[in-house]
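Trainee: I have a new model open. Can you show me how to read its features one by one?
Mentor: Gladly. Let us look at the structure together.

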Amino acid sequence: MSETRATPRIKYVRAYTQTASAAGNQGADCHDVADDHWIDGGLAPIACPMATYPQYRASRKSWGINALGTLVVEVEDEEGRVGVGVTIGGVAGCQLVEGHLSRFVEGCDPRDVERMWDQMFRATLNYGRKGLPLQAISAVDLALWDLLGKIRGEPVYQLLGGKTKQRLPVYCTTARPDLAKEMGFVGAKIACPYGPAEGDAGLEKNVAFFRNWRDKVGPEFPLMLDCYMALTAPYAARLARRLEPLGLKWIEEYLPPDSYAGYTQVREALRGCDVLLTTGEHEYTRYGFRQLLSSRCVDILQPDITWVGGLTEARRVVAMAAAEDVLVIPHGSSVYSYHLQYAFTNCPVAEFINLSPNADKITPYFGGLFPDEPLPKDGFIDLPDRPGFGVTLEKSRLIRPCPRSEEQSRKQALANINCPIPDKAFFPV
């Protein structure tokens with residue numbers, strides 16, 4: 001009888017951000033681009049929550065949409081295999097990972113992803129629950145899944161239960177839906193140019209903007225509108241009603257993420273309207289998505305897998321949504337979304353954000369971080385059969401701003417090894 005080989009434990013957790021020389025090569029932050037890039041407003045205005053302040057209207061970077069930058073996490077096991085996760089977080093995120101979250105990972109069995117996630121989440125409750133701490137947890141969690149796939153020699157989607165689809169259809173977020181149609185994408189999403197601060201004149205410009213693109217792509221091509229938290233409930237309802245005759249497929253993230261009552265108000269105002277309601281890009285953890293599901297105020301959930309809490313939390317959101325017959329179409333996230341969507345039936349189509357400056361070429365979502373990042377072809381993603389998430393990290397323009405010594409990592413690892421998982425049984429009272 002052959003001896004069962006122990007799974008190697010996690011030896012190191014390391015956190016990186018990009019060097020100054022990497023500016024314009026967005027990495028994990030799709031807004032960290034040149035000033036004339038379409039996603040910063042270089043080709044057309046883009047509505048945003050800061051539009052009420054004129055000095056921040058022309059450029060989204062002017063108010064700091066790219067202020068934090070990229071966070072890359074590596075998790076290395078005792079045999080030298082390395083898992084990689086990315087998110088937004090910059091130096092601040094590196095400090096969270098190295099100074100706090102690493103203690104719940106180093107020395108642990110990489111298969112214990114649920115326990116490590118739970119400990120990281122509970123330990124950050126006093127300052128976390130949403131935003132940067134959850135982004136940092138996401139990067140660690142994704143690195144753990146990548147490492148686990150490499151240890152087992154399987155793609156992450158196989159760890160989640162295998163394929164539910166042979167290929168993944170993809171729509172394109174872009175400034176040029178006409179080119180997206182030519183490239184074979186199954187639909188396109190454009191950015192809403194104006195919000196309530198521009199008044200009735202802005203509303204009419206929004207209608208004209210959408211009508212122009214509808215005329216160019218034809219009546220059958222799905223066309224969606226991304227509003228990036230910029231509208232009010234009454235304005236969103238008015239705009240959706242005006243765009244319904246023009247074939248608007250869905251209106252996305254039209255309110256701030258915590259405006260749950262506002263989302264319900266829009267749902268009530270649009271009873272009988274064929275426009276789908278979507279949101280969730282800036283929602284965090286299953287608790288926020290439970291609010292959206294219980295109020296039945298949206299048709300599609302859109303978590304970002306690199307922000308929501310990683311794959312461990314995202315699969316919970318997908319399961320919750322499945323129980324309500326709600327679709328999940330994640331925001332961006334590239335390979336991290338693709339593997340999740342391969343594995344679940346209520347994730348029917350992926351988003352590809354076209355990050356070429358003029359939206360006229362297909363370029364990697366994560367810039368130069370992963371040279372072998374899979375890209376859509378003829379409107380589909382076909383994931384290769386590679387271990388983990390199947391991509392290779394390019395580290396030449398990364399720095400580790402908050403390093404710990406190997407001795408510090410060793411002490412943390414020993415603490416976890418010497419403190420095994422509790423086995424005390426109890427009956428809840």
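**Reading the model**

Mentor: Keep one point in mind: this is a predicted model.

Trainee: Start with the cysteines. How many disulfides are there?

Mentor: A disulfide needs two cysteine sulfurs within 2.5 Å. The count here is zero.

Trainee: Why is C297 not in a bond?

Mentor: Look at the sulfur distance. The closest cysteine sulfur to that of C297 belongs to C227, and it is 15 Å away, too far for a bond. C297 is also buried, at 0% relative accessible area.

Trainee: And which cysteine sulfur is nearest to that of C402?

Mentor: That of C94, at 5.6 Å, and C402 is in no disulfide. C402 counts as buried, with 15% relative accessibility.

Trainee: Now the charged side chains. How many salt bridges does the structure hold?

Mentor: It holds 31 salt bridges. The test is a side-chain nitrogen of Lys or Arg within 4 Å of a carboxyl oxygen of Asp or Glu. Take R81 and E79: their side chains meet at 2.6 Å, N to O. Both ends are partly exposed, R81 at 24% and E79 at 40% relative accessible area.

Trainee: Which pair links distant parts of the chain?

Mentor: R404 and E98 form a salt bridge at 2.8 Å, N to O. R404 sits in the loop between β13 (398–399) and α12 (406–417), and E98 in helix α1 (residues 90–99), with their positions 306 residues apart in the chain. Are these two buried or exposed? R404 is buried, and E98 is buried too.

Trainee: How far apart are the closest N and O atoms of D372 and R386?

Mentor: They are 3.7 Å apart, and the two residues form a salt bridge. D372 is in the loop between β11 (350–353) and β12 (380–381), and R386 is in the loop between β12 and β13, so the bridge ties together parts 14 residues apart in sequence. Accessibility comes next. D372 is partly exposed at 25%, and R386 is partly exposed at 34%.

Trainee: Which residues are linked in a network of salt bridges?

Mentor: E114, R286, E313, R315 and R316 are linked that way.

Trainee: Next, a helix. Which residues of α7 are buried?

Mentor: In α7 (residues 233–243), the buried ones are A233, Y235, A236, A237, L239, A240 and L243. Ask next what covers them. The cover includes helices α6 (199–217) and α8 (260–269), along with strands β6 (223–226) and β7 (248–252).

Trainee: How do I read empty space?

Mentor: Rolling a probe the size of a water molecule over the atoms reveals where space is left empty. Here the largest pocket has a volume of about 250 Å³. It is lined by 17 residues, and I65, I88, Q135, H282 and W307 are the closest to its centre. The lining has ten nonpolar, five polar and two charged residues.

Trainee: What about cavities?

Mentor: There are two of 30 Å³ or more. The largest has a volume of about 180 Å³. Of its 20 lining residues, H31, I39, R60, T173 and D226 lie nearest the centre. β5 (188–191) gives the largest share of that lining, three residues. By class, the lining divides into ten nonpolar, four polar and six charged.

Trainee: Which residues line the second largest cavity?

Mentor: E253, P257, Y263, T279, G280, E281, H282, E283 and L292. That cavity has a volume of about 40 Å³. Its lining has three nonpolar, three polar and three charged residues.

Conventions:
Residues are numbered from 1 along each chain as its sequence is written. This is a predicted model: local features need pLDDT of at least 70, side-chain atom pairs count only at pLDDT 80 or more; totals for chains, interfaces and linings use all residues. Side-chain values use heavy atoms; hydrogens and water are left out. Buried means under 20% relative accessible area, exposed over 50%, partly exposed in between (1.4 Å probe, protein chains only). Helices (H or I, at least four residues) and strands (E, at least two) are DSSP runs, numbered from the N terminus. Contact means heavy atoms within 4.5 Å. On a 1 Å grid over the protein atoms alone, a cavity is a set of points where a 1.4 Å probe fits but cannot get out, and a pocket is an open set with protein on both sides within 12 Å along at least five of seven lines; lining residues have an atom within 4 Å of a point. Grid points are joined across faces, edges and corners, and a volume is the space filled by probe spheres set on the points. Ala, Val, Leu, Ile, Met, Phe, Trp, Tyr, Cys and Pro count as nonpolar, Asp, Glu, Lys and Arg as charged, and the others, Gly among them, as polar.
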